[in-house]
Amino acid sequence: MAVTYGSAEGHLQVGIDCWTSTPSSSSTSVTVSLRVWVKVYDQNWDFDDNQNYSVSGTGGGSGSFDNNLSGTGATKLIYSRDFSAGIDYDGGPTYTWTASISGMYNGGTPSHTRSLTLPARPPAPPGAPGTPAVSSVTPTTATLSWSTPATNGRALDSMDGAVSRNANFTDVIQTWSGAWATSRSLSGLPKGTQLYARLRAHNAAGWSGVSGTATFKTGTTAPGQVAAPVVDSIGSTQAWVAWSAPSDQGGTPVDGHAGQVSRNSAFTDVIADWSTLGWATDLNVTGLPKGTVLYVRVRAHNAVGFGDWSPSRTFTTTITTASAPATPSVSGIGPTSASLSWSAPADNGGAAITNYEIQRATDAGFTDPASVAASGSSTTLAGLLPGTTYFTRARANNAAGAGAWSSTASFTTLSGLRVGDGTKWLDAIVWVGDGSKWVLCQVKAGDGTTWK
């Protein structure tokens, strides 16, 4: 500042100069400088006497000086004081000084008053927020809260923060920014993961340093749902089932799996199930029923437990030919016919039996067989020769084709001898005895060379 002078009195004026040092954003005080001057006002007046001064106000004082000024405009510094004064971000207070001269030979008492307001401390970026406290931690959420830092002369107007998988924040997974607040609800966090969080504050002067780092670990859950499995290499009694790991493993590695195969989509008729420790992504499921629409689903396991079942996948096992029927039973044997019956095969191949094929032959090797078809499980063989041994067998047909032949049954037709009662002829059964037992005989006719 420059010196300012008061009114002249007794050819003298009193002047005051005052200023402060320039504060920085880190300053908490300034140096106040006060200087008091005396000046010859006019008429080239000369002085040579001892005079008194008095300075009131903070930093003021009193004393005497030898006034030997000569000539208009001549000046002399009569008081100097420097002192420290505390400052804040609001500025002030205002200091006021009044300086006066007395003891002049001409009786003059010139004086001057001047004021100075202390400067405000320049604003600075805020201090770092306190290390966040972590609460309400779940597998995917957490709440952070922190204390408000020193604002350093300007209101806090915003903040930003980050969450990282490591303490040096080179693997940041989430950031946020916005108006200043003292808490933040985090969501979408990875499960079962050690995490690190920090933030910083902002005001009109800039950004603070980062806060301390909060450390916390999210919880774990059972694994997420596995995608619907893929079914391949489908056979009549087996299928290869494959699946992938769930995208959400619950924050801890999957360590097992389970699966079910059912005849219905509600899985109330489960025909195969498994539960295995150790993660795998496929399984050959065996022992399935043939030609059947089936449903399969899987689920993953970790240290928490089993996850939800996957959506189901539908597949149909293939069909095969039927197994062999039981050995035919022969009854009602006559000279030219016999009745056959058999039971259905234990395995129909997964498809309905459409009919049965019956073969008969006069040799066990069926070198020249005759075949008949039957829709049910019995039939009558007709057109047989009397007194002849026959071999017969049956097999079932389904959509896959002809099944296996049954075991062979054999029988012998009756002799063909007939007797009459005067009204009709009847087949006669001829028995012969050897003195100890009767045996059924076959009646043949001879032509002199062969018997028939």
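**An antiparallel sheet and two nonpolar cores**

In this predicted model, four strands come together as an open sheet, following the order S20-S19-S22-S23 with antiparallel pairing. The edge positions are taken by strand S20 (270–277) and strand S23 (313–316); each has a single partner strand, so one side of each is left without a neighbour in the sheet. Direction ignored, neighbouring strands of this sheet are turned by 20° against each other on average. In general, the strands of a sheet pair through backbone hydrogen bonds, in either a parallel or an antiparallel manner.

A closer look at one edge of the sheet is helpful here. Strand S22, covering residues 293–301, is joined to S23 by four bridges, and the two run antiparallel. Within this pairing, Val-296 is found opposite Arg-313 of S23.

Attention now turns to the nonpolar cores. The largest of them contains 28 residues, and Val-32, Val-55 and Trp-97 are those with the most contacts inside it. At least two residues of this core are supplied by each of strand S2 (12–20), strand S3 (29–40), strand S4 (49–56), strand S6 (75–86) and strand S7 (94–102). S3 provides the largest share, six residues. Leaving aside residues up to four places away in sequence, Val-32 touches Trp-19, Thr-20, Arg-81, Asp-82, Phe-83, Ala-85, Tyr-95, Trp-97, Leu-116 and Leu-118.

A second core, separate from this one, has 16 residues, among them Val-241, Ala-272, Val-285 and Phe-315. As general background, nonpolar side chains tend to be buried together in soluble globular proteins.

Key
Residues are numbered from 1 along each chain as its sequence is written. This is a predicted model: local features need pLDDT of at least 70, side-chain atom pairs count only at pLDDT 80 or more; totals for chains, interfaces and linings use all residues. Side-chain values use heavy atoms; hydrogens and water are left out. A nonpolar core is a set of buried Ala, Val, Leu, Ile, Met, Phe, Trp, Tyr and Cys residues joined through side-chain atoms within 4.5 Å. Buried means under 20% relative accessible area, exposed over 50%, partly exposed in between (1.4 Å probe, protein chains only). Contact means heavy atoms within 4.5 Å. Two strands pair if DSSP finds at least two bridges between them. Axes are lines fitted to C-alpha atoms, for helices over the stretch in contact, and angles run from 0 to 180 degrees between N-to-C directions.
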